[in-house]
Amino acid sequence: MHTADINIENITKIEGTAGLQVKIENDKVVDLKFLIKDYRRFYTETVKGKPLIAVPTFLSRICGTCSIAHLFASIEAIEKSQGIIPSSQTKLLRRLAYDGLVIRDHALHLYFFVLPDLLGIDSILDIPEDHDDKGHQLLHDSFDIKTVGSNLTTAIAGAIIHAPLPTIGGFLKMPDKSSFPKLIEELERIRPLILRGIDAFAKMPDTMIRNSDYLSLRNRDHFDFLEGEVVNSSGKVIPEEKFHEFLRSVVIPYSQAEGYVFSDTKDDYFVGALSRINLSKDILNEKTKTDAKEYLEMFPSDNIYHNNLAQAIEMLQCVDDAIEILMTLDLVEEKPAIFVPRAGVGVGVIEAPRGTLYHMAETDEKGIIVDYDVIVPTAQNQINIENDLKKYFEENLDKDEQTLKLEAEKIIRAYDPCMSCATNFLKIEWIRS
Amino acid sequence: MENKPKLKIGWFSFTCCEDSTILLTEMLNENLDAWKKVIDFRHFKALKTNNSITDLDVAFVEGAISSASQAEELVKIRNNSKYLVAIGACACTGQPSASRNALVPEEIDFKIAFYLCHFDYSKDVKKIDQFVKVDDMVIGCPMNKKTFLEVMDKYLKLFKIIF
């Protein structure tokens with residue numbers, strides 16, 4: 001392919017709308033643009049002037065699929081701004097609800113979006129009605145896995161999307177403890193299905209290796225999506241509240257979202273399941289470590305397709321973590337913490353299913369939001385995605401256009417990008433510079 | 001079975017958090033096997049690459065309209081569909097995606113202005129019935145599951161796919 005313009009108007013089987021434009025001249029990629037096309041809603045601007053109590057549920061509307069992640073990051077940021085320390089029971093209930101989110105969200109990505117790539121078909125809609133067919137089995141596994149993840153989140157948080165029960169300082173209503181034995185039984189039931197999925201995604205033949213930095217939250221005691229410090233491959237440890245200082249935002253004029261560079265490294269960096277497993281596989285649940293042992297030996301990995309495998313392993317982690325909590329939690333009736341609003345600044349950093357998510361809230365003395373900032377995983381991965389694609393195209397220009405398009409979409413899908421998230425905030429630093 | 005008529009539907013998303021899309025993917029856990037027998041998913045970007053918007057019986061549209069190009073796309077969908085159903089709060093009411101409409105001029109500083117000018121944003125975000133005829137609405141944020149099933153059932157019967 002000497003000279004060509006390759007356009008993918010709409011990349012499919014992802015969350016939201018994105019496109020790709022590649023310009024090839026004389027066997028060289030002279031231009032490549034990963035275009036995030038969702039329109040901004042400017043929620044971090046429109047949230048200013050609102051009382052803090054209204055903010056987490058409003059900002060959960062940033063994203064449909066990981067609304068619980070935005071809800072929890074926002075609650076954490078506001079709690080820190082107000083000096084509220086959630087109870088240990090609240091922390092465990094949040095972990096439970098979050099385990100359910102990760103199980104459901106990863107299963108959606110893996111089985112509905114990536115599975116067709118694994119099977120070499122366009123869509124799960126094309127999977128035959130044949131019970132002996134591998135795709136049929138995996139797809140129907142996913143129905144059970146997603147349902148159980150949703151049941152867990154709903155039991156604790158009240159809904160899987162825009163959950164009504166988590167609030168600043170705790171939960172508006174305690175879960176019904178009598179539902180726990182059934183939840184444990186359901187989680188045990190999907191364990192072998194997830195193990196089958198881990199094996200299937202481990203056998204995905206595709207490889208895309210590039211040397212990126214990896215960055216994620218890491219808890220010192222156990223594998224945790226909600227608490228910890230930000231760490232990277234070279235061992236740098238950054239407290240949550242300092243995370244923002246280590247990022248440099250980059251204007252990408254053709255994209256409706258900014259990219260980010262991590263100041264510690266020369267190259268790009270990746271956030272997501274691959275980072276988490278690369279950096280924290282040693283602190284996974286003991287049962288997960290035992291049953292996923294042979295697959296965990298594949299990490300640390302620089303193969304972007306192993307983000308899929310890492311997500312599958314995280315589903316098992318969340319099942320085992322949730323079972324442990326449900327079996328040991330001695331639930332007591334608790335009301336949300338009572339507080340008098342004050343002026344303050346708080347930062348909430350959590351691991352969204354797609355990677356490190358940052359919320360910053362600043363309030364005045366009446367608890368009115370005066371500033372708010374959000375940095376989402378897909379915006380952070382944007383530069384990495386482009387660099388991967390440039391490498392892929394440069395090394396494969398001998399292939400036909402159809403193959404190039406298909407493979408490019410597969411690489412993008414492996415990142416599990418979310419455009420709804422990526423376009424609903426404004427970063428400030430680039431304007432200042 | 002293969003030759004039996006199916007309801008030809010399209011699922012479309014404009015400016016929103018796509019929560020109704022996510023809810024629909026959850027509803028597939030229980031309904032996909034049955035729906036595949038009676039529904040032809042002609043356009044469903046979250047699930048397939050080969051999409052078509054021609055000759056649809058029913059178009060389901062979530063999200064509010066942020067730009068002239070989105071409005072144009074919406075009209076194109078309407079012209080290719082016998083019926084159109086607005087899905088979720090943003091499509092039915094514009095909110096919360098339209099919250100930027102409430103920003104007063106002094107709040108539209110250079111940061112926001114950059115995006116508004118750099119891309120083809122309309123002055124206001126609008127609900128979809130400000131551009132096209134809407135035959136049914138499934139309200140909720142995300143859409144109400146029960147109402148959606150009732151609407152789907154209504155069109156399956158209207159097109160004599162089920163009785």
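The bend at a residue is the angle between axes fitted to the seven residues ending there and the seven starting there. The views below show a predicted model.

**View 1. Helix 11 of chain A bends at Ile383(A).** The kink comes to about 35 degrees and is centred on Ile383(A). Helix 11 covers residues 377–395 of chain A, 19 residues in total. From first C-alpha to last, helix 11 reaches 27 Å. That is close to the 27 Å expected at 1.5 Å a residue.

**View 2. Helix 6 of chain A has a kink at Arg191(A).** The bend here is about 30 degrees. Arg191(A) comes shortly before a proline, Pro192(A). Helix 6 runs over residues 180–202 and has 23 residues. Its first and last C-alpha atoms are 32 Å apart, close to the 33 Å expected at 1.5 Å a residue.

**View 3. Elements of chain A cover the buried residues of helix 6.** Leu183(A), Leu187(A) and Ile190(A) are among the buried residues of helix 6. Leu193(A), Ile194(A), Gly197(A) and Ile198(A) are buried too, as are Ala200(A) and Phe201(A). The cover includes helix 4 (88–119) and helix 5 (134–157) of chain A. It also includes helix 9 (293–296) and helix 10 (306–328) of chain A.

**View 4. His359(A) is buried in chain A.** His359(A) sits in strand 13, residues 355–363 of chain A. It has 31 C-beta neighbours inside 10 Å, and therefore counts as buried; the cut-off is 20 or more. Leaving aside neighbours within four places in sequence, His359(A) is in contact with Ala73(A), Ser74(A) and Ala77(A). Gly348(A) and Val374(A) are also contacts of His359(A). Val347(A) is twelve residues from His359(A) in sequence, and their C-alpha atoms are 5.8 Å apart.

**View 5. Domain 1 of chain A touches domain 2 of chain A.** Domain 1 spans residues 4–36 of chain A, and domain 2 spans residues 43–432. Their centres, taken over C-alpha atoms, are separated by 26 Å. Contacts link 20 residues of domain 1 with 28 residues of domain 2. On the domain 1 side, strand 1 (4–8), strand 2 (18–25) and strand 3 (28–36) of chain A each supply at least two residues. Strand 3 gives the most, with six residues. This side of domain 1 has 14 nonpolar, two polar and four charged residues.

**View 6. Chain A carries both helices and strands.** There are 14 helices and 14 strands in chain A. The C-alpha atoms fill a box of roughly 65 × 55 × 40 Å along the principal axes. The radius of gyration of chain A is 21 Å, which agrees with the value near 22 Å for a compact globule of 433 residues. Buried residues make up 53% of chain A. Among contacts between residues at least 6 apart in sequence, 73% join residues at least 24 apart.

**View 7. Chain B meets chain A.** Here 35 residues of chain B are in contact with 36 residues of chain A. On the chain B side, helix 1 (19–38), strand 4 (65–67) and helix 4 (110–118) each supply at least two residues. Helix 1 of chain B provides the largest share, eight residues. By class, the residues on this side of chain B are 16 nonpolar, ten polar and nine charged.

**View 8. Thr93(B) is partly exposed in chain B.** Thr93(B) belongs to helix 3, residues 88–93 of chain B. It has 17 C-beta neighbours inside 10 Å, so it counts as partly exposed. Gly63(B) is 30 residues away along the chain, and the two C-alpha atoms are separated by 9.4 Å.

**View 9. Chain B combines five helices and seven strands.** Along the sequence, the pattern is β-α-β-β-β-α-β-α-α-β-β-α. The radius of gyration of chain B is 17 Å, close to the 15 Å that the globule rule gives for 163 residues, so chain B is as compact as a globular protein of that length. The C-alpha trace of chain B spans about 60 × 30 × 25 Å along its principal axes. Buried residues account for 45% of chain B. Of the contacts in chain B with a separation of 6 or more, 83% are between residues 24 or more positions apart.

Note on methods. Residues numbered from 1 in each chain as written. Chains lettered and ligands numbered in written order. Predicted model: local features only at pLDDT ≥ 70, side-chain atom pairs only at ≥ 80, totals over all residues. Helix = DSSP H or I, 4+ residues; strand = E, 2+ residues; numbered from the N terminus. Expected span 1.5 Å × (residues − 1). Contact = placed C-beta atoms within 7 Å. Nonpolar A, V, L, I, M, F, W, Y, C, P; charged D, E, K, R; others polar. Domains from an automatic or database assignment. Rg over C-alpha atoms; globule rule 2.2 N^0.38 Å. Buried ≥ 20, exposed ≤ 12 C-beta atoms within 10 Å, placed from the backbone.
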